Amino acid sequence: MDSGQITPDVNLGDTKSYITDPVTYSLDKKSALVVKVDENGKVTPLKRGKATVTIKALNGKSAKVKIEVK
């Protein structure tokens, strides 16, 4: 399988807390079929489609990143 092309649609706003606070990454079931995200935030494409990665900091702030694998 070819590695695919990832096209992120990112709008994280103020990201200062993400630089200093530990974060977690999560995927819903449908997104987990399209991409894999490791504990460091590295995204690996699995197949073509669209996915949403939710990023949460310990301070309660969160962001969603939409990814399209072509």
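In the predicted model, A32 touches L27 and L46, not counting residues up to four places away in sequence. Contact here means heavy atoms within 4.5 Å. A32 is found in helix α2. Helices (H or I, at least four residues) and strands (E, at least two) are DSSP runs, numbered from the N terminus. The relative accessible area of A32 is 36%, so A32 is partly exposed. The scale has three classes: buried means under 20% relative accessible area, exposed means over 50%, and partly exposed lies in between (1.4 Å probe, protein chains only). The C-alpha atoms of A32 and A51 are separated by 7.5 Å. Along the chain, these two residues are 19 apart.

This is a predicted model, in which local features need pLDDT of at least 70 and side-chain atom pairs count only at pLDDT 80 or more, while totals for chains, interfaces and linings use all residues. Residues are numbered from 1 along each chain as its sequence is written, and side-chain values use heavy atoms, with hydrogens and water left out.

S31 also belongs to helix α2, which spans residues 29-32. S31 is buried because its relative accessible area is 4%. Two residues touched by S31 are A51 and T52, with residues up to four places away in sequence not counted. A polar atom of the S31 side chain lies 2.9 Å from the backbone nitrogen of T52. Such a polar contact is a pair of N or O atoms within 3.5 Å; within protein, one must be able to donate a hydrogen and the other to accept it, and residues adjacent in sequence count only if both atoms are side-chain atoms.

The protein has two helices and six strands. Read along the sequence, these elements follow the pattern β-α-β-α-β-β-β-β. Of the 70 residues, 23% count as buried. The accessible surface comes to about 5200 Å², and 51% of this surface belongs to carbon and sulfur atoms. Accessible areas come from the Shrake-Rupley method with a 1.4 Å probe; for residues, only the protein chains shown count as cover. Among contacts between residues at least 6 apart in sequence, 49% join residues at least 24 apart.

Strand pairing was examined next. Two strands pair if DSSP finds at least two bridges between them. Strand β2 (residues 23-27) and strand β5 (residues 49-57) run antiparallel and are joined by five bridges. Within this pairing, V53 in β5 is the bridge partner of L27. Strand β6 (residues 62-69) runs antiparallel to β5, with eight bridges between them. V53 stands opposite V65 in β6. β5 and β6 form a hairpin with four residues between them. In the turn, G60 has a positive phi of about 100°.

S26 lies in strand β2. With a relative accessible area of 37%, S26 is partly exposed. S26 touches T52, V53 and T54, leaving aside residues up to four places away in sequence. The C-alpha atoms of S26 and I55 are 6.6 Å apart, although 29 residues separate the two along the chain.

T54 is placed in strand β5. T54 has a relative accessible area of 13% and is therefore buried. Its contacts, not counting residues up to four places away in sequence, are T24, Y25, S26, A63 and K64. K64 in β6 is also the bridge partner of T54.

The side chains along β6 alternate. A63, V65, I67 and V69 point to one face and are buried. S62, K64, K66 and E68 point to the other face and are not buried. V65, in strand β6, counts as buried because its relative accessibility is 10%. The C-alpha atoms of V65 and T54 are separated by 6.5 Å, with the two residues eleven apart along the chain.

The largest nonpolar core has nine residues: V34, V35, V37, A51, V53, I55, V65, I67 and V69. The elements that give two or more residues to this core are β3 (35-37), β5 and β6. A nonpolar core is a set of buried Ala, Val, Leu, Ile, Met, Phe, Trp, Tyr and Cys residues joined through side-chain atoms within 4.5 Å. V53 and V65, which stand opposite each other in β5 and β6, are both members of this core.
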